[in-house]
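Thank you for sending this model for comment. My remarks concern the aromatic side chains and the charges placed over them.

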Amino acid sequence: MKKNIILLLSVFFISNISLCQNTGVVKGNVKDKETQEALIGASVIVDGTIMGSTTDKDGNFKIENIPVGSYNIKTSYIGYKQSIQYNIIVTSGNYRFVNFEIESQEQTLKAVNISIDKNKTAVIADLITPLSVQSLTTTEIQSNPGGNFDISKVVQALPGVASATSGSTGPRNDIIIRGGAPNENVYYLDGIEIPQINHFATQGSSGGAAGILNVSFIEDVKLSSSAFDARYDNALSSVFQIKQRQGNQDKFSGNFRLSGTETAITCEGPLTKKTNFLASVRRSYLQVLFKLLDLPIRPNYWDFQYKVTHKINSKTTLTIIGVGAIDEFSFASTKKSTPDNEYILRSTPFINQWNYTNGFALKRLINKGYMNFSASRNMFNNQIDKFEDRKNYDENFRQLKFNSQEIENRFRFDYHKFLNHWKYSIGASAQYVKFNADVFNKITNDVTDSVGNIILPGIKIKYYTAFDFFKFGLFGQVSKHFYNEKLGVSFGVRSDMNSFTDNGFNPINTLSPRVSLSYQLTNKFQISSSVGSYFKLPVYTSLGYRDSSNTLKNKNVKYIKSIHYVAGFQYLFSDDLRFTLEGFYKDYRNYPVSDLSGISIANLGSDFAPVGNEKINSIGKGRAYGFELYSQKKLTKKVFAVVSYTFVRSEFAGKNNKLIPSSWDNKHLLSMLFGYKFNRNWEMGLKYRFAGGSPYTPYDLAASQLNYVSLGTGIPDYSQLNNIRLKPFNQLDLRIDKKVNFKNKTLELFIDIQNVLLAKNQTAPTYNFKRNADNTAFETTDNKPLKSDGSNGIPVVNISEFLFFTPTIGIIFEF
């Protein structure tokens, strides 16, 4: 092992390997942003050099023999606005793919001539979403400090974005946008919705422990946090549009990645003259890392991804995509037994999951526009088991069973026309949904007297449910610029229906108009605003809940509604430095409230257990409001930097109609990103994140003691709901990269250290009974075995501080 480390470090510090002058290739496409038509004869140059090319009849270009290094790639075309993509890293291994979608002069706001640069950390001058949009490229994702090639972790550095940092097993990928729940976000991969983008997902939410998607496939990621395009349904907080690149049409190539947590291989190449592919497989060995760290959890996963692109003719393209994952979450004894480890072993369930999404998209260009048709199928299989007092898989001691399957078959059609400077979009969607679940959940134990007679029966939920139904949606959107291109206006409307809920077929109930405005005051100053309403159907785990008489109890629920009000401005100090300020207010209505506790689901939070598995009532309300400050310096003179601050409040009310802080009410979010490019292909990045303390609910000590033996954890005191906060979260990450180029191959070596300052962050408190000195049994007040009602146990409540320090040394080999 030591020899391997020494060998790796010695290679890492080689900075002068050069068998010959190594060069690379940049290849891509230039098309009209609105009509998607290929632009023939567009000029594409490597900025600052004489190297360049022009596009062919299909809009494609190829620039060869570029010395390895980092470049800006520029394109220009008569009647169109010039566009530049920054920080394109050319290596001798894989081709670098750079695609442009450029706007005609008539459609580009005069003062935002740099806004269409997709390689900026944020892109804001979008007519549909004037400010509430950010963008990331594959380079930014791959090189993000602490990101670990995980989209869900990388986006946490953007304004308004937080994550769950207080889970019982450490930080998770529960993306919280402007104080909204993780399940209020939707994800689209090449126009096809992907319900699960994380391993070890929480059913009814979109969070999980680690991302699924392979960043080698990704061209860019666009995050809209308000003013969503009307084509997207079921979004209340954000829409992620993830665009994948095509495979290499010229030759077979790929890359191999080895790091401290996983191994991945990606391959690509031509299948025919008109067809190319991308394919990858990844295997984690987190279980090895966690064993070395002496943690009791043993997460283990695989994931798979592919994309096939076939150009039927010059007007029609067929894309086939697929994503899948297999997850296993188990436990093992540790060398050192601690109260924290004991709590994890007793309170965290076993998890076995698998999921997939397969689909195709057909894109057809028409005169002055295009149309898309897509069809996909996704399935999520979830098995969760939990047992009392670590008596694993003994049915007499089962505390939780949740075996379920979600299946969705989706169809979507949209039509886009660009005519006389007006852009029109209309479309429709349909889904056929199937869901089944076998559920057992022991909420509380029986209360007995001294001779074992039951005084108060315990609460248990047990049922099997299966149902299917249809969902439908219609949308339309129109946009245009006025007054010499200074005023941009967009208006859209959408309506959704379903065949499951009692009033699901009434399109008026979900009529959701939205309007966006932007105005260019000066060459450097732009103001924007938007208002819109959005709807989301409650999660399937809620819809499928049945009572003891096998009756579906949630058919009367309503769509959750959120009305967004947004206003802000941007100021361009120079071509490489800009500043934005944006305020937002989200008004929530018809939010689900637990019938059992009367508490809003938003105030209960989530970890690995299913969300919404109970009777709910659509009577809750809520609000999230605040403002975002954002400053970005693009990469010039080897330096780039990003600073963002968000003030956000998130409050929800249950049956008592009293607004209290939600589980996602962090108040303050700060992120800072700094990068520097040294000579000889060395790079360094630093990322700092701060989040205000999350609210939590203290334990009901009496109820917790009574039920600890069966539940393995405490019971919250909902009379003090979310009235205590953890300490603030903070973390500094460091990444150093070195690229070594050979002929037709590249070796990249990196060190990525999460939490380099060794900051300790708090987790939510745990409830335990005190163990004896050798940790072989519970210590009791009467020195007798622990009673089933816990009356002779010694309660211990701990607020733990975890040190999540993860250094990773890895390599990426391009061939």
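The points below take up the ring pairs, a cluster and two charged side chains.

1. The model is a predicted one, and the remarks that follow should be read with that in mind. The structure holds 42 aromatic pairs, among them the two discussed in points 2 and 3.

2. The rings of Phe252 and Phe815 have centres 6.4 Å apart and planes at 40° to one another, so this pair is classed as tilted, an angle under 30 degrees being needed for stacked and one over 60 for edge-to-face. Phe252 belongs to the loop between β16 (238-244) and β17 (253-258), while Phe815 belongs to the segment after β47 (806-814), so the contact ties together parts of the structure that are 563 residues apart in sequence. Phe815 is partly exposed, its relative accessible area being 25%.

3. Phe467 and Phe469, by contrast in geometry, make a stacked aromatic pair, with 5.9 Å from centre to centre and 25° between the planes. Phe467 is buried at a relative accessible area of 9%, and Phe469 is likewise buried, with a value of 2%.

4. Which residues form one aromatic cluster with Phe467 and Phe469? The other members are Phe435, Phe500 and Tyr540. Phe500 also has a charged neighbour, since the charged end of Lys555 sits over the ring of Phe500, 4.3 Å from the ring centre.

5. A further arrangement of a charge over a ring involves Arg735, whose charged end sits over the ring of Phe750 at 4.5 Å from the centre of that ring.

Definitions and conventions: Residues are numbered from 1 along each chain as its sequence is written. This is a predicted model: local features need pLDDT of at least 70, side-chain atom pairs count only at pLDDT 80 or more; totals for chains, interfaces and linings use all residues. Side-chain values use heavy atoms; hydrogens and water are left out. Rings of Phe, Tyr and Trp (its six-membered ring) pair if their centres lie within 6.5 Å; planes under 30 degrees apart count as stacked, over 60 as edge-to-face and the rest as tilted. Helices (H or I, at least four residues) and strands (E, at least two) are DSSP runs, numbered from the N terminus. Buried means under 20% relative accessible area, exposed over 50%, partly exposed in between (1.4 Å probe, protein chains only). A charge sits over a ring if NZ of Lys or CZ of Arg is within 6 Å of the ring centre and within 35 degrees of the ring normal.
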